[in-house]
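Dear colleague,

I am handing over the structure below, and what I found in it follows directly after. Please read the notes with the coordinates open beside them.

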Amino acid sequence: MSRIPGMGIARGMTITLRRFFQPAVTIRYPEVDPGIPPRNRGRLQLLHDENGALKCETCFQCAQACPIECIDMGGVDTKGRYHIHWGPAETYGERRGESALRRSGRPVPDAAYAHFAPIDLAPLEAILARHDHDPARLLAMLEETQEAYGHLPVAALKHLSFRTAAPYALVYGTASYYRQFRFAPADDAGATDAGARRPTDAGFLAALDASLGTGPRAAGAGPA
Amino acid sequence: MTTLLSTPAGWPRVVTAGFGAPDPLDLDAAVAGGAFDGLKKAIRTHGPTGTIALLRVSGLRGRGGGSYPTAEKWHACATAEGSVRHVVANGYEADPATHVARALMEERPYAVVEGVAIAAFAVGATESYVAVRAEYGEAVRRLREAVARAEAAGLIGANVLGTGRDIFIEVRPVRGAYMLGEETVLLKGLEGKRGQPEQRPPYPTEKGLWGRPTVVNDVVTLGAVGWIVANGAEAYAAIGDPATPGTVVVQVAGAVEEPGIAEVPIGTPLREIVGLAGKMASGHRLKAVVVGGVTGGILPPRELDTPYAAAALRDVGAHVGSGSILVADERTCVVDLATLLTRYCADEACGKTIPCRIGLRRLAEIGERAVSGHARPNDPILLADLSEDIVASALCGHERAATTPLTSVLRYFRPELDEHLLRSTCPAGVCHPVAVASAGSAT
Ligand SMILES: Cc1cc2nc3c(=O)[nH]c(=O)nc-3n(C[C@H](O)[C@H](O)[C@H](O)COP(=O)(O)O)c2cc1C
Ligand code: SF4
Ligand code: FES
């Protein structure tokens, strides 16, 4: 800040003028290090492993950790499907389905993407009001939302994020982490635990009983 | 309901004393039986610092698995920077095969409420929470009722016993995966976030619930606090092992005739604890005991003289964990059992870090290769190496503990493991793919 009016503009113009007469230079990156700041990560890109599978585990850590929320893994693209801002939605979607099945026992069939449909927000507003729009009560609000709608519609998650000011990545991250939540009506294929690879506690206990001989010793019982 | 095993006369009963009361919610009967004596004494006689000092003398340690001195935890929280503090009672009981905490919450809800109230008084917390596994509907109901009745009687709530101090307790059902039992994860759950552990330090006593100094204690730990304050620290310190005194509530299950829970003095030999649950099921021979629940160590019969105390168990490669002791007879294949436990641990890991997300999965795969007859010659080396790496780089206690089942097999049941690895046979005849493979190839 200068005390003489117009001084700032003059200084700016000096720099412009000086640059104007300097020759253009090409830095032979990456052979020559242009002096990139240590925290620069460049363009975000998902890497493939030696088998050609995407290395991303769809754990949503990056989206949740990103301080400026430039990574929005729960975003919606023009086709009405999940996408990320970089890379093709299709490959990501494939990996996402596999990962969701492994981590939560819930497949994410394409049918689930159809649940962006607008919903009647009145029940959700009542839930929000009951919990003071407090993001700290998110878990309770998600439980009640599921009770009210039968599942967690994406529109409800978006609204929860909007009204509580909790980042969508956090709302979606929480909802997708806990096993009791489902994103499709219970009667939808894939919304039940059937065929889930992740053992439920009941499944584990049955296997444990079999292993200890305290229950029916089923043939082949053991690790599923 | 889980049965309470009868213990020899003369064994003190601190936590399980009032079990089996006709109506656990009858406040008058509970008070006549000594409930809230500890709270009154803490408030009227000892004061906050006096109460913590008394607990230090008693030698009480956490029963949630870490065996951390309770007085140190409370002291750290009470002296941490901050104006608002919280107490969280951990009633999640992560281990799906254990019911110790549930039994306590259902049978003696007032003991839990009193313990939380004393902790809140000692550290200066106004709002405290009892986080209960949501599947334990009856425990949630009884605790809520107990809080309401105690509040109506002026034992907790606003202006407790005329001191001007407020002690509010909220019962919060929490639902989710195994990891919710871990303290930082539990706090995340209460805050409405996904359940993944936090780096420590800072410990919850500095930055806990909503960043405020927080005491997280197992409900079973808190269930003993009222008794200790009422009966004096010396009475508790006189029980069991002088180095780590007190009682511990264990659950004995598996191939025994009378599975159940029992309160035993710390330092009781494993053999004696297993004996409380009756004979081995129909004349079978004891082959191994899994000490510590799903992440427990699998010990052979010759280690049964080990005293049930944190340090001694650590030395033999087991831990207190959830307080569960599973008994296996000769029909069980320890490799199969360890693999099952490891697979469960791997599936329940939160996914936050590499040892958790990938390490445990690779570990479970080693076990699965062994039981399916696809083991590689260097698998034992890989198992030992990987376990070491996981323990060294783990973020939370789960990954570290999850290496226990398989490493204890490596330590104690190497011949049986080698049968799987080198000859593709299962001596116990449990691992079917292996047995089938041997029928075709061996002998
Ligand atoms: C994977 C994991 C699961 C745990 N589960 C429980 C549990 O179910 N109940 C419990 O009280 N503590 C559990 N703990 C221990 C808690 O993190 C914490 O140490 C304990 O609640 C502290 O209470 P204490 O000092 O009274 O032992 C668990 C720890 C880990 C790493
Ligand atoms: S979701 Fe997880 S694995 Fe995928 S890029 Fe983000 S942090 Fe990495
Ligand atoms: S960090 Fe994921 S289970 Fe410990």
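In this predicted model, a polar backbone atom of B:Arg63 lies 3.3 Å from an oxygen atom of ligand 1, and a polar backbone atom of B:Gly64 is 2.7 Å from an oxygen atom of that ligand. From another part of chain B, a backbone N or O atom of B:Asp218 comes to 2.8 Å from an oxygen atom of ligand 1. Taken alone, ligand 1 exposes 610 Å², and 87% of that area is buried by the protein.

As for the surroundings of ligand 1, two elements of chain B, strand S4 (214-218) and helix H15 (397-402), each give two or more residues to the shell, with S4(B) giving the most, namely three residues. The shell holds 18 residues, of which B:Gly64, B:Lys73, B:Ala94, B:Glu183 and B:Thr221 come nearest; by class, the shell is made up of four nonpolar, eight polar and six charged residues.

I also looked at enclosed space, and a search of the whole structure gave five cavities of 30 Å³ or more. The second largest cavity, with a volume of about 110 Å³, has B:Arg63 in its lining, together with B:Arg61, B:Gly62, B:Ser67, B:Thr244, B:Val248, B:Ile266, B:Tyr308, B:Ala309, B:Ala310 and B:Val320. Six of these lining residues are nonpolar, three are polar and two are charged. B:Arg63 therefore deserves a look in both places, as a lining residue of the second largest cavity and as a backbone contact of ligand 1.

With best regards

How values were computed: Residues are numbered from 1 along each chain as its sequence is written. Chains are lettered from A and ligands numbered from 1 in the order in which they are written. This is a predicted model: local features need pLDDT of at least 70, side-chain atom pairs count only at pLDDT 80 or more; totals for chains, interfaces and linings use all residues. Side-chain values use heavy atoms; hydrogens and water are left out. On a 1 Å grid over the protein atoms alone, a cavity is a set of points where a 1.4 Å probe fits but cannot get out, and a pocket is an open set with protein on both sides within 12 Å along at least five of seven lines; lining residues have an atom within 4 Å of a point. Grid points are joined across faces, edges and corners, and a volume is the space filled by probe spheres set on the points. Ala, Val, Leu, Ile, Met, Phe, Trp, Tyr, Cys and Pro count as nonpolar, Asp, Glu, Lys and Arg as charged, and the others, Gly among them, as polar. A residue is near a molecule or strand if one of its heavy atoms lies within 4 Å of it. A polar contact is a pair of N or O atoms within 3.5 Å; within protein, one must be able to donate a hydrogen and the other to accept it, and residues adjacent in sequence count only if both atoms are side-chain atoms. Accessible areas come from the Shrake-Rupley method with a 1.4 Å probe; for residues, only the protein chains shown count as cover. Helices (H or I, at least four residues) and strands (E, at least two) are DSSP runs, numbered from the N terminus.
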